[in-house]
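Q: I'm new to this protein and would like a close look at one open space in it. Could you take me through it slowly?
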Amino acid sequence: MVSNASSSFDPEDGSIYDSANDMKAFDETKGGVKGLADSGLIKIPRFFVHPPEKPQQPPSNSSNINLQVPIINFEGFESSRRIEVVNEIRRASENWGLFQVVNHGIPENVMDDMLEGVKRFHEQPQEVKTEFYTRDADQRVKFFTGAPLLTKEPAIWRDTVAFDFKDGKLDPQLFPAIMREEVGEYFRHVTKTGKALSELLSEALGLRSNYLSSIECMETESLVGHYYPACPQPELTFGTTTHSDPSFLTILLQDNKGGLQVLHQNQWVDVPPLQGALLVNIGDLMQLITNDRFRSVEHRVLAGEVGPRISLASFFFPSTANTFKPYGVIQELLSDDTPIYRATHLAEFMGQYMSTGSYISTLSHFKVSNGQAFSSTEDTG
């Protein structure tokens, strides 16, 4: 398990200091990173500072014209262009682990309204937002900041409002009034998009179109609205540190500020905002059940001098009835291949993910060792 003692880097003398008490005091203000930014500080607190060199953080290189995130046009995916779209999804999921989608069916005004709703929530007076501030994992609607109080990692320059739609259900009366309509409308649209992607990904794997829906791996959705204020020292911290998503699938909506990067061919590649587009990325659990056929992607968000940056991530997980259902490598994908991973269930997987910390692959914990038993999704139902 990751210790609850935190440590951070001091850029002035190069030392490491115990930041747990400072992080705790900051968290208890319930003001979030925006509260710090609004205070007019010119130096960020030490517990936000990351060491100047980290493994798995090679230099950014987005100038290589050969490294462009795939863009897939969904127009006609339900009819004449379905095979073409499926093939493009297959290539992107195998080679990149993510792709941008245009003409996906969600109206631009719905996406714009959702981003504006996230912005309005975070820019409310602190005393209004405090009602939702918590680190209780069981709270279905919550607001919290990027200080990782239970890890050894430095804090990140980000505030978050989150909505947990268990099996697609969450009482709208629990939503903050300032964004209630926007959340409900966007959720309806993105759920439909998620179902379409479930069919297309199934077909891209060479399976029947309802395969992924039949194993109920994308029934619960978590909407997470991030707010990245302008940072006075963006070179010293991150908006989001390097990670891959623990979900089966993630759909990301981002504004036009930029800052998102993905790790591809050991290079950081910028993901430039594209008007009206959604970013779709493969999660760790999808990589596990596809036996590395489809690969999750490591990504990060740089802190910026200009802000705020707004984004909204939709994470797709199994239904609540399947929290303890084993998910293993899909039998039909094995043929002569050896299973790379053992079966696991969501509760175990997320427990491992939360305890691992940044810069360490959660998937490596579930790799099959010599002589270890294997169960496929077909074996475990």
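Which elements each supply at least two residues of the lining of the second largest pocket?

A: Happy to walk you through it! The elements are α4 (108-122) and β9 (249-254), each supplying at least two residues of the lining. Such labels are DSSP runs counted from the N terminus, with helices (H or I) of at least four residues and strands (E) of at least two. What you see is a predicted model, where local features need pLDDT of at least 70 and side-chain atom pairs pLDDT 80 or more, while totals for chains, interfaces and linings use all residues. Residues count from 1 along each chain as its sequence is written, and side-chain values use heavy atoms, without hydrogens or water.

Now to the pocket itself. The lining of the second largest pocket is made of 17 residues, and α4 gives the most, with five residues. To find the centre, look for D112, L115, Q254, D255 and N256, the lining residues that lie nearest to it. The space inside comes to about 340 Å³. Sorted by class, eight of the lining residues are nonpolar, four are polar and five are charged (nonpolar: Ala, Val, Leu, Ile, Met, Phe, Trp, Tyr, Cys and Pro; charged: Asp, Glu, Lys and Arg; polar: the others, Gly among them).

Here are the rules for such spaces. On a 1 Å grid over the protein atoms alone, a pocket is an open set of points with protein on both sides within 12 Å along at least five of seven lines; in a cavity a 1.4 Å probe fits but cannot get out; lining residues have an atom within 4 Å of a point. Points are joined across faces, edges and corners, and the volume is the space filled by probe spheres set on them.

Q254, one of the residues nearest the pocket's centre, also belongs to the lining of the largest cavity. The structure has one cavity of 30 Å³ or more, and the largest cavity holds about 40 Å³ of space. Around the largest cavity, Q254 is joined by Q100, L252, L274, A277, L278 and L279. Strand β9 appears here again: β9 and β12 (278-282) are the elements that give two or more residues to this lining. The cavity's lining has five nonpolar residues, two polar ones and no charged ones, whereas the pocket's lining includes five charged residues. So, when you turn the model, start from Q254, which is part of the lining of the pocket and of the cavity.
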